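Where does a folded chain leave empty space, and how can one reason about that space step by step? Please look at the sequence and the structure before reading on.

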Amino acid sequence: MQAFGRELSRKAALPRVPAIGIALGGGFARGMAHIGVLKVLEEEGIPIRVVAGTSVGALIGAAYCSGVSIEELEKVAHSCRFTTFARWTVSRYGFASNDRMTAFLTRILKVKTFEELRIPLGVTATDFNSGEAVVFHSGSIIDPVRASCAYPGMFLPVNIRGRWLVDGMLSHPVPTQPLRDMGADRVLGVHLKGQWAKGGAPRHLFDVIGQSFAIAQDMASHIWRAAADVVVEPDVAGFAYDDFKRVDDLIRAGELAMREALPVVRKWLEVPAEANSFANSTPVPQPAPMPAD
């Protein structure tokens, strides 16, 4: 009993480390910059307690939270091309299906359900009919990630439990608020700002759709920025949405941007003694599962 009391006293003396969450935004191939951000956080020993992802951020977040190492993520990134995730199709709902993502995720993920993840994860999508933001954090990982990546006009919507879902970037371009809802004390948002088009007249329909969404996201950025403590913005302006062959440059862009933000993030770990608590051993609370229709 005395030993137990001493252990409680020791834990009570430990400073409380705030639960740090990272929100990974969308950007298709530009999302490889997220790997560089995560790489720096690991190298610097910054503990990430919770992750939320939109579109490619959901894909990389799922892999990382499942236990895929940074080294493994880099190797996978080098092998990725547009056809890794998509196949062209003839449909009134879009020009491509991302059903190939099922085989891809089945191959790379260390676990297949949210409950098995080593780090709690939220995956965002948008209900096509209601416009409602949907955040998945229970059950199978694969279809929610596919839904989060279902870019309107390009990819077909994904049906999950009777709901037609499209890209999470429509409701959470950078999912900072879902992290707050999942219990994060400090929120690090990663925004992959970049123009879809390269100037001048649009080349094709995808330029029109992509640039229009980029404009709309910029106009609404104040919403997700309000829920972030720090926003990291890798310099991806010179990269095309499908620049999968420039993985090393994209990862480097993520590293550079994260290193610039490190002084602020390190201060989060400098907690005054009066903030002592047992929170270090307390798991981040999980929001309620999305109800089935």
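The questions and answers that follow concern the cavities, the largest pocket and the cysteines of this predicted model.

Q: How many cavities of 30 Å³ or more does the count come to?
A: Rolling a probe the size of a water molecule over the atoms shows where empty space is left. A cavity is a place where a 1.4 Å probe fits but cannot get out. When cavities of 30 Å³ or more are counted in this predicted model, the total comes to two.

Q: Which element gives the largest share of the lining of the largest cavity?
A: The largest cavity holds about 600 Å³ of space, and among the 42 residues that line it, Gly26, Gly27, Phe28, Ser55 and Val56 are the closest to its centre. The elements that give two or more residues to this lining are helices H3 (56-66), H4 (70-79), H6 (100-108) and H9 (205-219), together with strand S7 (153-155). The largest share, five residues, comes from H9.

Q: Into which classes do the residues of the lining of the largest cavity divide, and how many are nonpolar?
A: The lining of the largest cavity includes residues of the nonpolar, polar and charged classes. Four of its residues are charged and ten are polar, while the number of nonpolar residues is 28.

Q: Which elements give two or more residues to the lining of the second largest cavity?
A: The second largest cavity has a volume of about 30 Å³, and the residues that line it are Pro173, His191, Gln217, Asp218, Ser221 and Trp224. By class, this lining divides into two nonpolar, three polar and one charged. The elements that give two or more residues to it are H9 and helix H10 (221-225).

Q: How many charged residues does the lining of the largest pocket have?
A: The largest pocket, with about 220 Å³ of space, is lined by 15 residues, and Ser171, His172, Pro173, Ala220 and Ile223 lie nearest its centre. Helix H8 (176-181), H9 and H10 each give two or more residues to this lining, and H9 gives the most, with three residues. By class, the lining of the largest pocket has ten nonpolar residues and five polar ones, and the number of charged residues is zero.

Q: Is cysteine 149 buried or exposed?
A: A residue counts as buried when its relative accessible area is under 20%. Cysteine 80, at 2% relative accessibility, meets this cut-off. Because the relative accessible area of cysteine 149 is 8%, cysteine 149 is buried.

Definitions and conventions:
Residues are numbered from 1 along each chain as its sequence is written. This is a predicted model: local features need pLDDT of at least 70, side-chain atom pairs count only at pLDDT 80 or more; totals for chains, interfaces and linings use all residues. Side-chain values use heavy atoms; hydrogens and water are left out. On a 1 Å grid over the protein atoms alone, a cavity is a set of points where a 1.4 Å probe fits but cannot get out, and a pocket is an open set with protein on both sides within 12 Å along at least five of seven lines; lining residues have an atom within 4 Å of a point. Grid points are joined across faces, edges and corners, and a volume is the space filled by probe spheres set on the points. Helices (H or I, at least four residues) and strands (E, at least two) are DSSP runs, numbered from the N terminus. Ala, Val, Leu, Ile, Met, Phe, Trp, Tyr, Cys and Pro count as nonpolar, Asp, Glu, Lys and Arg as charged, and the others, Gly among them, as polar. Buried means under 20% relative accessible area, exposed over 50%, partly exposed in between (1.4 Å probe, protein chains only).
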